[in-house]
Amino acid sequence: MIEGNVFATSQRTHQCGALRASHAGSPVTLGGWVHRSRNLGGLVFIDLRDRAGLVQVSFNPDWASAAAIAGAAAVGVESVVLVEGVVELRPGDMRNTDLATGDIEVRATSIRVVGPAVTPAIPVARGKNDKLPAEDLRLRHRYLDLRRPELQASLILRHRLLQVTRSYLSERGFLELETPILTKPTPEGARDYLVPSRVHPGEFYALPQSPQIYKQLFMCAGFDRYFQIARCFRDEDLRQDRQPEFTQIDIEASFIGRDDIMALSEGMIAAIWREAGHDVTPPFERMSYADCMERYGCDRPDLRYGLEIHDFTAAFAPLDFVVTKSAIEAGGRVRGIRIAGGAAWSRKQVDELEALAKSAGAGGLLRAKKTDGKIDGPVAKFLTPAAEEALALNDGDLALIVAASDRISNPALDRIRQECARRLGIVDEHARRFLWVTDFPMFDKDPVTGALAAVHHPFTAANADDMAAYPDAPERWRALAYDCVLNGLELGGGSIRTSDPRVQSQMFTLLGIGDVAEQERRFGFLLEGLRAGAPPHGGIAFGFDRISMLLSNGASLRDVIAFPKTTAARALFENAPSSVPPEDLRDLHLRSTAEGA
């Protein structure tokens with residue numbers, strides 16, 4: 001362990017924000033940015049800032065020369081200065097309890113500007129009630145935005161979380177191994193970023209969507225425990241919680257099963273959350289994909305509140321109500337949510353919920369509310385006593401119902417559930433409900449074409465019992481896959497992999513890659529590794545940016561990524577992507593077809 005002040009150099013003795021009352025009487029040399037300055041007519045105060053925080057520096061004729069005071073008065077905000085002086089305790093009535101350094105000040109004897117600054121395009125110092133500049137403006141001047149204490153604290157926390165992750169996995173025998181950034185295009189659910197080769201005309205590398213195939217090859221090579229803080233790239237439409245380049249904690253291990261990966265991951269999550277000051281107690285709850293969809297309408301449910309979905313199909317089947325009757329005859333179901341107290345909501349408020357359901361694909365929203373012992377609503381006159389009993393409404397309750405196939409009703413009811421919880425104020429913002437979702441479908445079957453698509457990725461192993469029971473119905477197979485969810489957000493996902501090359505080839509065939517030559521062309525390097533002898537193996541990957549965002553209370557991923565892209569996938573500071581001169585394209589054997597090129 002390194003002892004002493006590791007920040008001492010030939011140009012400074014301490015960090016500004018690290019000084020405390022225990023340093024009183026010590027001579028110091030500080031380097032930092034001028035956060036604020038106040039000229040009180042011959043008496044100058046500067047708040048000097050570095051990544052450790054602020055300290056007040058005073059220039060007074062009692063200890064500073066006229067030249068030093070004049071220099072302090074003239075220096076501009078955000079200029080970089082070196083200051084020499086002595087740490088002294090502030091008088092009791094002048095201490096600043098809002099600052100960690102508020103018990104002391106530095107009485108400066110000299111100041112030297114080493115990095116003069118122009119007037120900043122956006123302010124770094126802000127008052128308590130000052131609003132931040134527009135995000136696009138902050139991203140355009142990111143080097144200034146990164147000086148804000150909030151962003152610096154988030155990135156420092158991110159660093160600490162990375163070190164905890166590395167220590168946790170290293171202590172358990174995992175090796176941090178690197179995989180290529182320039183790799184082979186392979187389908188993994190999103191578009192690849194392609195990189196043209198100058199020395200191989202007409203050929204392209206791809207930036208990795210994940211290190212998936214390489215980490216499986218590590219298992220084939222005998223490196224039985226691998227991890228990587230991996231940079232990944234996906235050319236897809238962006239949202240608040242997505243970036244075209246991102247970081248994930250990537251893990252793979254041999255001779256393990258699903259429970260082994262889950263236990264390892266729970267311990268790692270607990271260690272990461274503990275570093276951020278939170279207690280997490282494994283084991284986490286578990287729920288099958290089928291139960292999640294049935295009870296909550298999505299595969300990453302927020303368990304901090306109830307509002308579960310109920311199936312009213314049996315009770316509605318005998319009713320002569322055209323909406324539900326036609327839905328049931330078409331193979332759909334009648335499902336809905338009971339909302340205690342919802343009967344008091346206005347027609348306009350319920351119409352807003354119906355608009356949400358429609359935006360998720362539903363044709364409409366059936367309503368039934370109970371007041372003074374009577375059920376009202378468009379469906380009320382069709383209800384039999386048995387149907388009323390099935391709805392199980394208490395006085396003041398509202399039922400919101402969707403009659404459709406599960407493919408339509410699940411996302412609609414999920415949206416309604418979330419919005420109702422928000423309106424009712426029943427979401428405990430301090431609760432942490434971790435959940436493992438298991439037994440995902442292996443494939444998703446297109447209802448029109450019948451084509452199969454991998455729900456996770458084509459290298460996931462299927463449940464062997466399902467393969468034996470339904471050999472001709474792969475859409476009924478469950479995958480040995482698992483997702484880790486927290487409060488309705490997916491933190492990570494993984495699976496046990498297909499380690500038998502014959503079974504892997506069968507999976508490619510089911511996914512429409514049936515030609516052996518095509519399989520070899522696209523995945524030959526994986527199949528070759530599996531044929532050489534592969535142990536049973538599996539792994540998981542966690543979205544590290546999302547974890548950092550949650551633990552730093554960030555509003556978006558951009559708050560925990562030093563130089564992020566906008567939702568239009570643009571880097572505003574460096575102005576990327578940008579056009580390339582025709583001569584550079586010629587070197588890459590390319591020609592732009594963009595308009596005006």
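A cavity is here a set of grid points where a 1.4 Å probe fits but cannot get out, and its lining residues have an atom within 4 Å of a point. In this predicted model, three cavities of 30 Å³ or more are found, and the second largest of them has a volume of about 60 Å³. Its lining is formed by Leu 139, Arg 142, Phe 563, Pro 564, Thr 566, Arg 570, Ala 571, Leu 572, Phe 573 and Glu 574, a set that comprises six nonpolar, one polar and three charged residues.

Across the whole structure, 45 salt bridges are identified. One of the cavity-lining residues, Arg 142, also belongs to a network of salt bridges that links it with Arg 126, Arg 138, Asp 145, Arg 148 and Glu 150.

A salt bridge also joins the side chains of Glu 78 and Arg 49, with an N to O distance of 2.8 Å. Because Glu 78 lies in the loop between helix H1 (66–74) and strand S4 (80–89), while Arg 49 belongs to strand S2 (residues 44–50), this pair ties together parts that are 29 residues apart in sequence; both residues are buried.

In a further salt bridge, the closest N and O atoms of Glu 135 and Arg 558 are 2.8 Å apart. Glu 135 lies in helix H2 (residues 135–140) and Arg 558 in the loop between helix H16 (544–551) and helix H17 (582–587), so that parts 423 residues apart in sequence are tied together by the pair. Glu 135 counts as partly exposed, at 26% relative accessibility, whereas Arg 558, at 5%, counts as buried.

Terms used. Residues are numbered from 1 along each chain as its sequence is written. This is a predicted model: local features need pLDDT of at least 70, side-chain atom pairs count only at pLDDT 80 or more; totals for chains, interfaces and linings use all residues. Side-chain values use heavy atoms; hydrogens and water are left out. On a 1 Å grid over the protein atoms alone, a cavity is a set of points where a 1.4 Å probe fits but cannot get out, and a pocket is an open set with protein on both sides within 12 Å along at least five of seven lines; lining residues have an atom within 4 Å of a point. Grid points are joined across faces, edges and corners, and a volume is the space filled by probe spheres set on the points. Ala, Val, Leu, Ile, Met, Phe, Trp, Tyr, Cys and Pro count as nonpolar, Asp, Glu, Lys and Arg as charged, and the others, Gly among them, as polar. A salt bridge is a side-chain nitrogen of Lys or Arg within 4 Å of a carboxyl oxygen of Asp or Glu. Helices (H or I, at least four residues) and strands (E, at least two) are DSSP runs, numbered from the N terminus. Buried means under 20% relative accessible area, exposed over 50%, partly exposed in between (1.4 Å probe, protein chains only).
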